[in-house]
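User: I would like to go through this model with you. Please keep the answers short.
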Amino acid sequence: MSSAFVIEPPIIHSLSVAGDTRRFAVNRIFCVGRNYADHAREMGHDPDREPPFFFMKPASAIVADGLDTAYPSLSSDVHHEIEMVVAIGKGGANISPSSALDHVYGYGVGLDMTRRDLQSEAKKMGRPWDTGKAFDQSAPCSTIVPVSQCGHPSAGAIRLLVNGKVRQEGDLNQLIWNVPDTIAYLSTLFTLEPGDLIFSGTPAGVGPISKGDLLEGTVDGLVPLKTRIV
Ligand code: MN
């Protein structure tokens, strides 16, 4: 044990990087709610009337590419939400939309796994969403592709297959708050730091998963995400 700490220091959670043996160290995970109009509608909201809102997951919620994802405790209605993930490489506060993309290291494909039953209960009671959103293994994420390889995806298919069947499908050009605007807005609320991830929202088609399901998420131009629910 290190002599500098009275306990073992926390693990640095990380993701693999395409074309690099080094890894992307994960700091915080910010998630944008209802950022595709068709998903906002399926959840019973008017997409035109809402500014973006955010919730968080701990870095320990990450499930690195290819590993199994455990079905969480105390829920019988766990939903998949496929999302493009923005990996922040350079921090900052009050970032302008025109310079926001300079802060991005790369992009990945993630799942914002959700205990929908606990989230719905929290909404009804006016309570925080943490138990519905921020549980163990609630953030499976693919390899991160550096901007030098993939550019800044702003259009192209985003898709989730469950056991080989398409369950969610959309296009990045349907994002209500695009990546630069999301970074700019988020950076007025929090000082962004290197290692922060932003889950950018999910298209329509969210639904329940079961133990044994194979989830495969793709975003055009990025490395796919694959995880089995166990
Ligand atoms: Mn989501």
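User: Which residue stands opposite Leu-15 in E2?

Analyst: First, the ground rules: this is a predicted model, where local features need pLDDT of at least 70, side-chain atom pairs count only at pLDDT 80 or more, and totals for chains, interfaces and linings use all residues. Residues are numbered from 1 along each chain as its sequence is written, and side-chain values use heavy atoms, with hydrogens and water left out. Strands E1 (residues 14-17) and E2 (residues 20-25) run antiparallel, joined by 4 bridges; strands pair if DSSP finds at least two bridges between them. Opposite Leu-15 in E2 stands Phe-24.

User: Which residue in the turn between E1 and E2 has a positive phi?

Analyst: The two strands form a hairpin, with 2 residues between them. The positive phi, about 75 degrees, belongs to Gly-19.

User: Where does Thr-143 lie, and is it buried or exposed?

Analyst: Thr-143 sits in a loop, between strand E10 (139-141) and strand E11 (145-146). Strands are DSSP runs of at least two residues (E), helices of at least four (H or I), numbered from the N terminus. Buried means under 20% relative accessible area, exposed over 50%, partly exposed in between (1.4 Å probe, protein chains only). Thr-143 has 11%, so this loop residue is buried.

User: Which side chains does a polar contact join to that of Thr-143?

Analyst: A polar contact is a pair of N or O atoms within 3.5 Å; within protein, one must be able to donate a hydrogen and the other to accept it, and residues adjacent in sequence count only if both atoms are side-chain atoms. One such contact, of 3.5 Å, reaches the side chain of Asp-65. Another, of 2.7 Å, reaches that of Ser-16.

User: Why do the buried residues of H2 line one face of the helix?

Analyst: In helix H2 (residues 116-125) the buried residues are Arg-116, Gln-119 and Ala-122. Seen down the axis, they fall within a limited arc, so they line one face. The arc is that of the directions from the helix axis to the C-beta atoms. Its value is 125 degrees.

User: Which residues coordinate the manganese ion?

Analyst: Donors are N, O and S atoms within 2.8 Å of the metal (3.2 Å for Na, K and Ca); water is not among the atoms, so sites may look incomplete. The donor residues are spaced E-x1-E-x28-D in sequence. Glu-81 is buried at 4%, and Glu-83 at 1%. At 2.1 to 2.2 Å, the ion is coordinated by Glu-81 (OE), Glu-83 (OE) and Asp-112 (OD).
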